[in-house]
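The report below describes one protein chain through its aromatic pairs, its strands and helices, and its nonpolar cores. It is meant to be read with the sequence and the coordinates at hand.

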Amino acid sequence: MARRSASGAIAMRAAIEMIGVPYSWGGGGVNGPGFGTGRGAKTWGFDCSGLAEYAWARAGVSIGSTTREQWRSGIRIPKERAEPGDLVFFDSDSHSPGPEHVGIVVDATRMVHAPYTGQSVRVDPLGRRTFLGVVRPSDTWMNGHALSSAASDGGDAPSSAAVNGHAAQVVLQ
């Protein structure tokens with residue numbers, strides 16, 4: 001498995017391990033779930049960009065903490081070339097151009113994301129009318145240093161985790 005693909009697979013699996021964690025506006029980051037801000041101040045969990053930041057941090061890549069920073073964290077690629085771990089962005093506010101939501105690609109048709117207040121991290125279809133684009137984060141540099149390698153776990157096996165006392169499983173292909 002190529003280094004880029006290995007990093008993407010690590011990020012995707014890290015996000016999948018968080019299935020069931022509550023959405024928290026402004027919550028989470030490189031260290032995992034956390035209390036958010038504003039309307040998320042009393043909820044321990046992730047918002048969409050916090051989940052993406054955490055997942056890629058697990059792969060050793062810094063992508064920033066906001067959807068706008070993450071939108072600039074790598075190269076844009078065509079949707080049909082998206083790989084596990086790539087970031088998929090959505091623009092749902094025509095008055096404020098740019099991404100308002102980010103998910104992590106699971107496969108050609110699904111993403112894992114923290115959708116909105118009252119919901120939890122989950123896997124949903126990738127296709128939406130508010131689709132903006134796909135970004136493949138760069139793992140060549142992190143904090144100004146070249147990375148020598150990324151870990152690979154080899155694969156296409158099911159990923160499962162116990163989250164909040166519930167078994168979560170997504171079959172990876």
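Phe-131 is partly exposed, with a relative accessible area of 28%, in a model that is predicted. Its aromatic partner is Phe-90, and the two rings meet edge-to-face, with 6.4 Å from centre to centre and 75 degrees between the planes. Because Phe-90 belongs to strand S4 and Phe-131 to strand S8 (residues 131-137), this pair ties together parts of the chain that are 41 residues apart in sequence. Phe-90, for its part, is buried, with a relative accessible area of 2%.

Each of these two rings also has a charged residue placed over it. Lys-79 lies over the face of Phe-131, at 4.6 Å from the ring centre, while the charged end of Arg-128 sits over the ring of Phe-90, 5.5 Å from the centre of that ring.

A search of the whole structure finds three aromatic pairs. A pair of aromatic rings is described by the distance of the centres and the angle of the planes. Two of the pairs are set out below on those terms.

| Aromatic pair | Arrangement | Centre to centre | Angle between planes |
|---|---|---|---|
| Phe-46 and Tyr-54 | tilted | 5.6 Å | 40 degrees |
| Phe-90 and Phe-131 | edge-to-face | 6.4 Å | 75 degrees |

In the tilted pair, both Phe-46 and Tyr-54 are buried.

The strand that carries Phe-90 is covered on both of its faces: Leu-87 and Phe-89 point to one side, Val-88 and Phe-90 to the other, and all of them are buried. S4 pairs with S5 in the antiparallel sense over four bridges, and Phe-89 has Val-102 as its bridge partner in S5. S4 is also joined to S8 by four bridges, and these two strands likewise run antiparallel; here Val-88 stands opposite Val-134 of S8. Strand S8 also contains Pro-137, which is buried, with a relative accessible area of 2%. The C-alpha atom of Pro-137 is separated by 8.7 Å from that of Gly-85, although the two residues are 52 apart along the chain.

Which parts of the chain supply the nonpolar interior? The largest nonpolar core has 29 residues, and those with the most contacts inside it are Phe-46, Leu-87, Ile-104, Val-112 and Val-121. Helix H1 (3-16), helix H2, strand S4 (87-90) and strand S5 (101-105) each supply at least two residues of this core, and H2 gives the most to it, with six residues. Ile-104 shows how such a residue is surrounded: leaving aside neighbours within four places in sequence, it is in contact with Met-12, Ala-15, Leu-51, Ala-52, Ala-55, Gly-85, Asp-86, Leu-87, Arg-110, Met-111 and Val-112. A second, separate core of seven residues includes Phe-90, Val-105, Leu-126 and Val-134.

Helix H2 deserves a closer look. Nine of its 11 residues are buried, so the helix is largely enclosed by the rest of the structure. The buried residues of H2 are Cys-48, Ser-49, Gly-50, Leu-51, Ala-52, Glu-53, Tyr-54, Ala-55 and Trp-56, a list in which Ser-49 and Glu-53 appear beside Leu-51 and Tyr-54. After H2 comes Gly-60, whose phi is positive, near 85 degrees.

How is Ser-49, a residue of H2 (residues 48-58), accommodated, and what does its side chain reach? Ser-49 counts as buried because its relative accessible area is 7%, where the limit for that class is under 20%. The side chain of Ser-49 reaches the backbone oxygen of Ser-65 at 3.0 Å. Apart from neighbours within four places in sequence, Ser-49 is in contact with Ser-65, Thr-66, Thr-67, Gln-70 and Val-102; the last of these, Val-102, is also the residue of S5 that is the bridge partner of Phe-89.

Finally, some totals place these details in the chain as a whole. The chain has three helices and 12 strands, and buried residues make up 46% of its 173 residues. Among contacts between residues at least 6 apart in sequence, 54% join residues that are at least 24 apart.

Methods: Residues numbered from 1 in each chain as written. Predicted model: local features only at pLDDT ≥ 70, side-chain atom pairs only at ≥ 80, totals over all residues. Heavy atoms only, no water. Buried < 20%, exposed > 50% of the residue type's maximum accessible area, 1.4 Å probe, protein only. Polar contact = N/O pair within 3.5 Å; in protein donor to acceptor, adjacent residues only side chain to side chain. Contact = heavy atoms within 4.5 Å. Core = buried A, V, L, I, M, F, W, Y, C linked by side-chain atoms within 4.5 Å. Phe/Tyr/Trp six-rings, centres within 6.5 Å; stacked < 30°, edge-to-face > 60°. Lys NZ or Arg CZ within 6 Å of the ring centre and 35° of its normal. Pairing = 2+ DSSP bridges.
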